[in-house]
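Me: I should like to go through a structure and ask, for each term applied to it, what justifies that term. Please set the values against the criteria in each reply.

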Amino acid sequence: MATVFWHSHGIILIDYLQKGKSLTGAYYASLLDKLKAELTGKRLHLQKKKILFHPDNALSHTSVVAMAKIHEFRFELLDHPLYSPDLSPSDFFFVPRLKIVLGGQRFSLNEESITFVNNYFAEKNAEYYLDMLQRWEHR
């Protein structure tokens, strides 16, 4: 399982959950710490901007510990309407395109699939991500 944080110019952080582990609120909060460190350390141009944050409504994302971390970092939370999974750009645009590319692929090791996905995203330019957000706005 991969958790992907991205913006209009590309991927900020991808985390691959270790096989057999669960994505809990505490684990997700630790990912938010990694995201904040990435923004602070390598993405200085984003550090001074207001961060609009749009998680889906999974329990780990809406847990008390995760929400506390979002508020601690002063991310502006964009609501995800209940029963509207099609309003997440990752759900209607990002993941389906990746699934098409992954279709028929066979990996003998987890590292192979991780490398494949990392390379897939590395090949995408800023227009790819901007287009995704513009389609989301239109939708």
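The exchange below takes up the fold, the salt bridges, the cores and one helix in turn.

Me: What kind of model is this, and what makes up the secondary structure of the protein chain?

Reply: This is a predicted model. The protein chain contains seven helices and four strands, and along the sequence these follow the pattern β-β-α-α-β-α-α-β-α-α-α. Of its 139 residues, 35% count as buried. The accessible surface comes to about 9100 Å², with 55% of that belonging to carbon and sulfur atoms.

Me: How do you know what share of the contacts with a separation of 6 or more joins residues 24 or more positions apart?

Reply: Among contacts with a separation of 6 or more, residues 24 or more positions apart account for 60%. A contact here requires heavy atoms within 4.5 Å.

Me: Why is the pairing of K34 and D15 called a salt bridge?

Reply: The criterion is a side-chain nitrogen of Lys or Arg within 4 Å of a carboxyl oxygen of Asp or Glu. For K34 and D15 the N to O distance is 3.6 Å, so the pair satisfies the 4 Å limit. This pair links distant parts of the chain, with K34 in helix α1 (residues 25-41) and D15 in strand β2 (residues 10-16), 19 residues apart. The structure holds three salt bridges.

Me: Is D15 buried or exposed, and how is K34 classed?

Reply: D15 has a relative accessible area of 9%; the limit for buried is under 20%, so D15 is buried. K34, at 43%, falls between that limit and the 50% above which a residue is exposed, and is therefore partly exposed.

Me: What makes D33, K69 and E72 one network?

Reply: D33 forms a salt bridge with K69, their closest N and O atoms being 3.0 Å apart. D33 lies in helix α1 and K69 in helix α4 (residues 64-72), so this pair ties together parts that are 36 residues apart in sequence. K69 also forms a salt bridge with E72, at 3.5 Å between the closest N and O atoms. K69 and E72 both lie in helix α4, three residues apart, about one turn of the helix. Salt bridges that share partners thus join D33, K69 and E72 into one network.

Me: Why does K69 count as buried, and how does D33 count?

Reply: K69 has 16% relative accessibility, which is under the 20% limit, so K69 counts as buried. D33, at 34%, is partly exposed. Leaving aside neighbours within four places in sequence, K69 is in contact with A29, L32 and D33.

Me: What makes R74 stand out, and why is R74 called exposed?

Reply: R74 has a positive phi of about 60 degrees although it is not a glycine. R74 is placed in the loop between α4 and β4 (76-77). Its relative accessibility is 73%, and exposed means over 50%, so R74 counts as exposed.

Me: What makes a group of residues a nonpolar core, and which residues touch the most other members of the largest one?

Reply: The members must be buried residues of the nonpolar set, joined through side-chain atoms within 4.5 Å. The largest core has 14 residues, of which F5, Y28, L32, L35, L39, F53 and F75 touch the most other members. β2, α1 and α4 each supply at least two residues of this core, and the largest share, five residues, comes from α1. Not counting residues up to four places away in sequence, Y28 touches T3, F5, L23, F53, P55, S60, H61 and A66. A second, separate core of 12 residues includes I11, F93, L98 and V117.

Me: How do you know that the span of helix α6 agrees with what is expected?

Reply: The expected span is 1.5 Å times one less than the number of residues. Helix α6 (residues 110-122) has 13 residues and should therefore span 18 Å; its end C-alpha atoms are 18 Å apart, which agrees.

Me: Why are the buried residues of α6 said to be on the same side?

Reply: In α6, V117, Y120 and F121 are buried. They cover an arc of only 95 degrees around the axis, which puts them on the same side of α6. The face turned away from the buried side carries the exposed residues E111 and A122.

Terms used: Residues numbered from 1 in each chain as written. Predicted model: local features only at pLDDT ≥ 70, side-chain atom pairs only at ≥ 80, totals over all residues. Heavy atoms only, no water. Buried < 20%, exposed > 50% of the residue type's maximum accessible area, 1.4 Å probe, protein only. Areas by Shrake-Rupley, 256 points an atom, 1.4 Å probe, with all protein chains shown as cover. Arc of directions from axis to C-beta.
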